[in-house]
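Biologist: Could you take one buried-or-exposed question about a single residue in this model and follow it closely? After that, please go on to the parts around the rest of the chain in the same manner.

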Amino acid sequence: MSGGSWGELALAGGEPVLGSLAPVDWPRTTDADRAAVLSVLDSNLLVSDRTNGVTAVERLERSWADYLGVRHCVGVSNGTTAIELALLAHGVGPGDEVVVPALTFVATAMAVVHVGATPVYADVHPVTYTMTAESLAAEITERTKAVVPVHLHGLSADLAAIGEVARRHGCVVIEDAAQAQGARYRGVPSGASGNTATFSLQMTKNLPTCGEGGLVVTDDERVADRIVQLRQFGETIRADRPRRYVSHRLGFNAKLNNVQAAYTVSQLERFDEYHAARRANVEAFLSRLRHLDGLICPSEPDGYEHAWHILRFAVDFERLLPGVETGAARNLLMRALRAEGMPATRYQMMPLPEQPALRALCHQTPASWPVTQDVVDRSFTLQQRHLPPDAGPLLQSFADAVEKVWSQPKVLQGLAEGAVR
């Protein structure tokens, strides 16, 4: 179909492209995944602090370290905990400042607060949506101890530029790669840059577990040893001796369990296959949409390989719906897409420092993150439905929905004016 062949918008009473919102079909659990989980249940080796045999957590740690080409990987309870333990392992604590992007999930900043440090917010690039080195440099003070660039939506931040600023000011870089399994920057997998990096295995992620989980990777043996202690009450547990119940530092109960790890080890067997299929499906989808006037599609800059965890679309509403207030235009557009069966969502409702739980801790003004505010105001996202390897036909239906909505700006304009009246 094209342009004039589309019927009436579903929001205006026409037939939708899809009969209903597409359901979430992720993660994909196979017989191999079930067998991996059952093998752990049958073994009765359910937690990772046992010393009698190699655990599923240890197999996952070794497999992911080998996949990335790094020396150490430590499994922990979730991606937020992974950031917290990485910060603590690098000595970040009360009195320190940590620069994070103003556009990311709330966990990035909450992890900083949980270790007693203060989050400071850098603005993002208007196309990649990741922290810029220029904004980072503007926010560094004598109290800045660490920088946490986020590889948002599956696209790496500019680690070369960010790393140069961090080195100049003596700051450690801890990458939040929660959404970036499979991403690459200048040919290097996210997490293998030489910095400490953290991943989430939460079930929505590209490499999922059957619930919650996290990983920390590093080439620094001392950092890895600290994280191993921190996840287990500050103890050192070794396979060659009984557990001694001696805590060497203030730690946590932040272990990943063997059922979760076994599930992810099994998923990792298909990870490259799924990643390749996802990239092909998303490219075919985006190629249908790049010509639409006023729609800014997610992109993959030269030197980057996108993991396509989340697809964020920005809109020039002055071109699509001139004269309509931005928030009203965005909400109307999302309603129109959802009426056609495409589950458009906002994801971030506000810049991170304006979250109610964090607002009182922030001493910056909104002038520090104008790009982030603009992105939040003018964009919508597509999540999870594009992750399965056979999502290509569904994405083509979503492309039909977007093209249909974009083909009828006068109808949208009328709906907007009717809502105002």
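Modeller: Gln267 touches Arg28, Asp33, Leu207, Pro208 and Tyr274, leaving out residues up to four places away in sequence. The model is predicted, and the values below are computed from it. Gln267 belongs to helix H8, which covers residues 258-268. Is Gln267 buried or exposed? Its relative accessibility is 2%, and buried means under 20%, so Gln267 counts as buried. The side chain of Gln267 also has a polar partner: one of its polar atoms lies 2.8 Å from the backbone oxygen of Arg28. Arg28 is also among the residues that Gln267 touches.

Next, strand S9. This strand covers residues 214-218, and five of its five residues are buried. Gly214, Val216 and Thr218 point one way from S9, while Leu215 and Val217 point the other way. S9 is joined to strand S1 (residues 72-76) by five bridges, and the two run antiparallel. In that pairing, Gly75 has Leu215 as its bridge partner in S9. Strand S8 (residues 196-200) is joined to S9 by four bridges, again running antiparallel. Here Phe199 stands opposite Leu215.

The residue numbers of S1 run from 72 to 76, and that range takes in a cysteine, Cys73. Why is Cys73 not bonded to another cysteine? The closest cysteine sulfur, in Cys210, is 17 Å from the sulfur of Cys73, and a disulfide needs the two sulfur atoms within 2.5 Å, so the distance is too far for a bond. Cys73 is buried, with a relative accessible area of 9%. Cys362 is in no disulfide either: the nearest cysteine sulfur, that of Cys171, is 18 Å away. Cys362 has a relative accessible area of 15%, which makes it buried. The structure as a whole holds zero disulfides.

Two open sheets can be read strand by strand. One has three strands in the order S7-S6-S11, with antiparallel pairing. Strand S7 (188-189) and strand S11 (304-305) are its edge strands, each pairing on one side only. Strand S6 (residues 184-185) is joined to S7 by two bridges, and the bridge partner of Arg184 in S7 is Pro189.

The other open sheet has three strands in the order S10-S12-S13, and its pairing is antiparallel. Strand S10 (295-296) and strand S13 (379-383) stand at the edges with a single partner strand each, so one side of each is left without a neighbour in the sheet. S10 is joined to strand S12 (residues 310-315) by two bridges. Within that pairing, Ile296 has Ala314 as its bridge partner in S12.

From this sheet the path leads to the core. The largest nonpolar core has 37 residues, and Phe285, Leu289, Leu295, Phe313, Leu333, Met342 and Phe380 have the most contacts inside it. The elements that give two or more residues to this core include S12, S13, helix H9 (271-287) and H11. H14 gives the largest share, seven residues. In soluble globular proteins, nonpolar side chains tend to be buried together. Phe285 is in contact with Leu311, Phe313, Met342, Leu382, Leu395, Gln396, Phe398 and Ala399, leaving aside neighbours within four places in sequence. A second, separate core has 33 residues, among them Val106, Ala111, Val115 and Ala224.

Helix H11, one of the contributors to the largest core, can be checked for length. What span should its 14 residues have? At 1.5 Å a residue, helix H11 (residues 326-339) should span 20 Å, and its end C-alpha atoms are 20 Å apart, which agrees. The buried residues in H11 are Gly327, Ala329, Arg330, Leu332, Leu333, Met334, Ala336 and Leu337. Leu333 is also among the residues with the most contacts inside the largest core. At the start of H11, a side-chain oxygen of Glu325 reaches to within 2.9 Å of the backbone nitrogen of Gly327. After the helix comes Gly341, with a positive phi near 105°.

Technical notes:
Residues are numbered from 1 along each chain as its sequence is written. This is a predicted model: local features need pLDDT of at least 70, side-chain atom pairs count only at pLDDT 80 or more; totals for chains, interfaces and linings use all residues. Side-chain values use heavy atoms; hydrogens and water are left out. Buried means under 20% relative accessible area, exposed over 50%, partly exposed in between (1.4 Å probe, protein chains only). A polar contact is a pair of N or O atoms within 3.5 Å; within protein, one must be able to donate a hydrogen and the other to accept it, and residues adjacent in sequence count only if both atoms are side-chain atoms. Contact means heavy atoms within 4.5 Å. Two strands pair if DSSP finds at least two bridges between them. The expected span of a helix is 1.5 Å times one less than its number of residues. A nonpolar core is a set of buried Ala, Val, Leu, Ile, Met, Phe, Trp, Tyr and Cys residues joined through side-chain atoms within 4.5 Å.
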